[in-house]
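Hello,

Here is the structure I promised to pass on to you. Have a look at it first, and then read on for what turned up in it.

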Amino acid sequence: MFEHTDYDEHERVLYVRDAASGLRAIMAIHSSVLGPAFGGCRMWPYAHEEDALTDALRLSRGMTFKSAICDLPFGGGKSVIVGDPARDKTPELLLAVGHAVEELGGRYIIADDVGTTLADLAIMRKVTQHTAAASQCAQQPLAVTAYGVFNAMVAAVEHVYGQSDFTGLRVAVQGLGNVGRPLCDRLYAHGAKLFVSDLNAQRVRRAASELNATPVAPDEIYQQQVDIFSPCALGSILNGHTIPRLNVRVICGGANNQLMQDDYASLLHQRNILYVPDYLANAGGVIDFHQESIDDRPAAVLAAVERIRAITQSVLRDAQELGRTPVQVANDRVRARIAQHNEPPT
């Protein structure tokens with residue numbers, strides 16, 4: 001593991017096995033310097049253990065960066081369960097996950113993610129108090145991640161096009177799930193022309209009917225002649241195969257780890273494509289968790305998530321002035337904040 005390309009001085013990586021429930025999982029704590037590690041629990045039928053480890057390492061690092069860039073008192077963690085959520089998920093398996101979280105003594109706070117739900121967290125709470133979504137507000141449908149992506153996209157549109165709405169702009173959205181679909185709703189309400197793709201054909205048909213969106217085959221979404229591309233599905237979709245096919249000026253989406261490798265940000269920069277760091281655009285969930293401990297009214301939560309717009313504006317402005325990529329500027333801010341907290345008191 002220490003030689004893994006995605007190992008980034010992670011504090012702890014645990015392999016969790018429970019024979020009775022069939023649980024096979026990896027829990028990764030990237031950093032707890034800024035506070036307890038916060039991050040979701042992903043359940044996916046990984047073909048190889050190496051794939052699960054890669055996800056755990058990359059996603060936990062991303063959670064550290066989300067909290068740090070938004071000045072929140074959390075580190076980053078992630079759980080990945082090897083299994084098909086439709087077939088393998090049981091109350092016994094979820095309780096086993098909860099027991100593993102509890103054994104960490106508050107060092108890791110678990111949340112929902114791909115393949116898990118708020119109802120799953122409620123089962124885990126029978127054996128651990130260290131979960132997200134415990135407040136009354138968290139039980140209400142509030143698309144905080146989509147709202148954060150929308151605010152980051154507004155900042156990018158202001159920076160590139162000099163306008164604060166989406167009138168006349170074409171946006172390609174990849175993935176119409178819990179982030180992509182509510183994002184489309186907001187973009188449509190603010191004047192955008194949508195081009196959408198999803199592996200679920202029914203979702204695409206609904207968006208076409210309700211939002212006048214143009215359906216696009218999944219593999220053709222990259223080559224659409226649009227102004228903005230918004231990846232809202234799985235990660236590693238910006239790579240040497242897809243980037244040359246892009247015809248956009250802005251990339252801003254809700255998916256985690258959109259860049260297969262960090263250095264692809266420079267390739268986007270060379271092509272004059274503005275890329276908003278994914279961990280900034282999709283930080284709405286961790287902001288939501290923090291805000292609920294202060295004021296959990298939906299209006300207060302959404303107001304807190306709006307800070308993503310100002311942070312994005314600042315990152316884009318500094319990147320332009322310094323001649324660097326937004327990823328480089330954002331990463332430097334994160335590293336500086338963590339280093340500051342690591343310094344011994346004087």
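The protein has 12 helices together with 11 strands. Please keep in mind that this is a predicted model.

Let me begin with the overall form. For 346 residues, a compact globule would have a radius of gyration near 20 Å, and the protein, with 19 Å, agrees with that. Along the principal axes, its C-alpha atoms fill a box of roughly 55 × 55 × 45 Å. Of the 346 residues, 55% are buried. If you take the contacts between residues at least 6 apart in sequence, 65% of them join residues at least 24 apart.

As for the surface, the protein exposes about 15100 Å², and carbon and sulfur atoms supply 48% of that area. There are 31 positive and 39 negative charges, and the mean positions of the two sets are 4 Å apart.

Now to the strands. A good place to start is β1 (residues 12-18), which runs antiparallel to β2 (residues 23-31) and is joined to it by seven bridges. One of the pairs to look for is tyrosine 15 with its bridge partner in β2, isoleucine 26. The two strands form a hairpin with four residues between them, and glycine 22 takes a positive phi near 85° there.

Strand β3 (residues 37-44) runs parallel to β5, with five bridges between them. Phenylalanine 38 has isoleucine 109 in β5 as its bridge partner. How enclosed is β5 (residues 108-112)? Four of its five residues are buried, so the rest of the structure largely encloses this strand.

Serine 79 is worth a click while you are in this area. You will find serine 79 in strand β4 (residues 75-82). Its relative accessibility is 1%, and because buried means under 20%, serine 79 counts as buried. What does serine 79 touch, apart from neighbours within four places in sequence? Its contacts are Ile26, Met27, Gly40, Cys41, Arg42, Tyr108 and Ile110. Ile26 is also the residue that bridges to tyrosine 15.

Further along the chain there is an open sheet of six strands, paired in parallel and ordered β8-β7-β6-β9-β10-β11. Its edge strands, each pairing on one side only, are β8 (214-215) and β11 (274-275). Inside this order, β6 (residues 170-174) and β9 (residues 228-231) run parallel and share four bridges. Alanine 172 stands opposite phenylalanine 229 of β9.

Two asparagines in loops caught my eye. Most residues other than glycine have a negative phi. Asparagine 212 is not a glycine, yet it has a positive phi of about 55°. Asparagine 212 sits in the loop between α6 (201-211) and β8. Is asparagine 212 buried or exposed? Asparagine 212 is exposed, with a relative accessible area of 51%. The second one is asparagine 272, again not a glycine, with a positive phi of about 60°. Asparagine 272 is placed in the loop between α7 (264-270) and β11.

On to the helices. Helix α4 (residues 144-161) holds alanine 146, which is buried with a relative accessible area of 2%. Which residues is alanine 146 in contact with, once its neighbours within four places in sequence are left aside? They are Val179, Pro182 and Leu183. Alanine 146 and arginine 181 are 35 residues apart in sequence, while their C-alpha atoms are 8.3 Å apart in space.

Last, please look at helix α9 (residues 284-292). This helix is mostly covered, with eight of its nine residues buried. The buried residues are Gly284, Val286, Ile287, Asp288, Phe289, His290, Gln291 and Glu292. What do they pack against? The answer takes in the strands β3 and β5, and the helices α1 (49-69), α4, α10 (298-305) and α11 (307-322). That brings back some elements from above: β3 and β5, which pair in parallel, and α4, the helix that contains alanine 146.

If you would like a short route through the model, you could start at the hairpin of β1 and β2, go on to serine 79 in β4, then trace the six-stranded open sheet and finish at the mostly covered helix α9.

Enjoy exploring, and do write back with any questions.

Best wishes

Note on methods: Residues numbered from 1 in each chain as written. Predicted model: local features only at pLDDT ≥ 70, side-chain atom pairs only at ≥ 80, totals over all residues. Heavy atoms only, no water. Rg over C-alpha atoms; globule rule 2.2 N^0.38 Å. Buried < 20%, exposed > 50% of the residue type's maximum accessible area, 1.4 Å probe, protein only. Contact = heavy atoms within 4.5 Å. Areas by Shrake-Rupley, 256 points an atom, 1.4 Å probe, with all protein chains shown as cover. Lys, Arg positive; Asp, Glu negative; His and termini not counted. Charge placed at Lys NZ, Arg CZ, Asp CG, Glu CD. Pairing = 2+ DSSP bridges.
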